[in-house]
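Please look over the model shown here before reading on, with the sequence at hand. The paragraphs after it go from the chain as a whole to individual residues and their surroundings.

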Amino acid sequence: MKLIKLLPIMAIASVCVAGQVHAAQDPLMMPKQPAAPLTAEQQDISLAVPSEEVKAVVSEFAAFQLGMSNALIQDDNRVMSGQQRYTNNVLYYMNVRRSWYITSHRYKKDSYARIALDRLYLDYKEFFTNHTTVSDMNKAEYESQILAILEKNTANMSNDELRFYMNEMVIYSLKEAMRDGNNRVRRIR
């Protein structure tokens, strides 16, 4: 009789242990994995990066930047143009989204996902720090450079979850920067 009462408890315990073992094998939580080029089959079934939505948002952002005046804005003892303000906002919102992914998933400092997200953010930070303005003449090049950073960071990445996060990081940061006319966002250093 006691054995019959113990069976459900043992079944629940074994399911919990098996679930924990599977959760511990999350490849995004593991240390950095060796980068290998994607095979043709993997490329066919992997999530597209940059996605069509990313391409559309990048194009929209470049057009938005062209519409911004380059009149100088003074705020908190700093002077920046309208375009510079919005590239600064892009970095701010990209950092917000990156931090949200890291915090919500509890990625450790040496986890594959955190390293990849940090590297993507740093590449965009370098780009937007050096390319604060866009003109009619360099609009196409500006767009292609933004997309090239995303392509470079996902070239050897077979994990679709992380590829999705990177697409979303770019989409979110550009859309929020265009929506937010807040000139109080602190300069990213």
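What follows is a walk through the fold, a helix pair, two residues with partners remote in sequence, and the charged and nonpolar side chains.

The model is a predicted one, and local features are described only where pLDDT is at least 70. Its chain contains seven helices and two strands, and read from the N terminus the elements follow the order α-α-α-β-β-α-α-α-α. Of the 189 residues in the chain, 38% are buried. The accessible surface amounts to about 11200 Å², with carbon and sulfur atoms contributing 57% of that area. If one takes the contacts between residues at least 6 apart in sequence, 76% of them connect residues that are at least 24 apart.

One helix pair can be followed in detail. Helix 5, which spans residues 112-130, packs against helix 7 at an angle of about 35°, and the two axes are 11 Å apart. The crossing of helix 5 and helix 7 is right-handed. On the helix 5 side the contacts are made by Y112, A113, A116, L117, L120, Y121, Y124 and F128, while helix 7 contributes L162, Y165, M166, M169, V170 and L174.

F128, one of the helix 5 residues in that contact, is also touched by T87, a residue of helix 4, which covers residues 82-105. With a relative accessible area of 2%, T87 falls under the 20% limit and therefore counts as buried. Apart from residues up to four places away in sequence, T87 touches Q65, F128, H131, T132 and Y142. A further pairing of positions involves T133, which is 46 residues from T87 along the chain, although the C-alpha atoms of the two are separated by 8.1 Å.

A second residue to trace in this way is M29, placed in the loop between helix 1 and helix 2. M29 has a relative accessibility of 23%, so it is classed as partly exposed. In sequence M29 and A113 are 84 residues apart, yet their C-alpha atoms are 6.7 Å from each other in space; A113 is itself among the helix 5 residues that meet helix 7. When neighbours within four places in sequence are set aside, the contacts of M29 are with H105, R106, Y107 and S111.

Among these contacts of M29 is R106, which belongs to the loop between helix 4 and helix 5. What is the sign of phi at R106? Phi of R106 is positive, near 55°, in a residue that is not glycine. Most residues other than glycine have a negative phi. R106 has 69% relative accessible area and is therefore exposed.

The charged side chains come next. Side chains of opposite charge can pair when their charged atoms come close. With a limit of 4 Å between a side-chain nitrogen of Lys or Arg and a carboxyl oxygen of Asp or Glu, the count is eight salt bridges. One of these joins E52 and K55, whose closest N and O atoms are 3.6 Å apart. Both residues lie in helix 3, residues 52-67, with a spacing of three residues, or about one turn of the helix. E52 is exposed because its relative accessibility is 60%, whereas K55, at 35%, is partly exposed.

Helix 7 holds two further bridges with a comparable layout along the sequence. D160 and R163 meet with an N to O distance of 4.0 Å, and because they are three residues apart in helix 7, residues 160-179, about one helical turn lies between them. D160 is partly exposed at 32% relative accessible area, while R163, at 7%, counts as buried. The other bridge pairs R179 with E176 at 2.4 Å, N to O, and these two are also three residues apart in helix 7, so that about one helical turn separates them. R179, with 60% relative accessibility, counts as exposed. Elsewhere, R98, R114 and D118 are linked in a network of salt bridges.

The last feature is one of nonpolar side chains. L6, I9 and M10 form a nonpolar patch on the surface, and their accessible area together is about 310 Å². M10, one of the three, is found in helix 1, which runs over residues 2-23.

Key. Residues are numbered from 1 along each chain as its sequence is written. This is a predicted model: local features need pLDDT of at least 70, side-chain atom pairs count only at pLDDT 80 or more; totals for chains, interfaces and linings use all residues. Side-chain values use heavy atoms; hydrogens and water are left out. Helices (H or I, at least four residues) and strands (E, at least two) are DSSP runs, numbered from the N terminus. Buried means under 20% relative accessible area, exposed over 50%, partly exposed in between (1.4 Å probe, protein chains only). Patches are made of residues with over 30% relative accessible area and no salt bridge: like charges are joined within 9 Å, nonpolar side chains (Val, Leu, Ile, Met, Phe, Trp, Tyr) within 5 Å. Accessible areas come from the Shrake-Rupley method with a 1.4 Å probe; for residues, only the protein chains shown count as cover. Axes are lines fitted to C-alpha atoms, for helices over the stretch in contact, and angles run from 0 to 180 degrees between N-to-C directions. A crossing is left-handed if the near helix is turned anticlockwise from the far one by less than a right angle, and right-handed if clockwise. Contact means heavy atoms within 4.5 Å.
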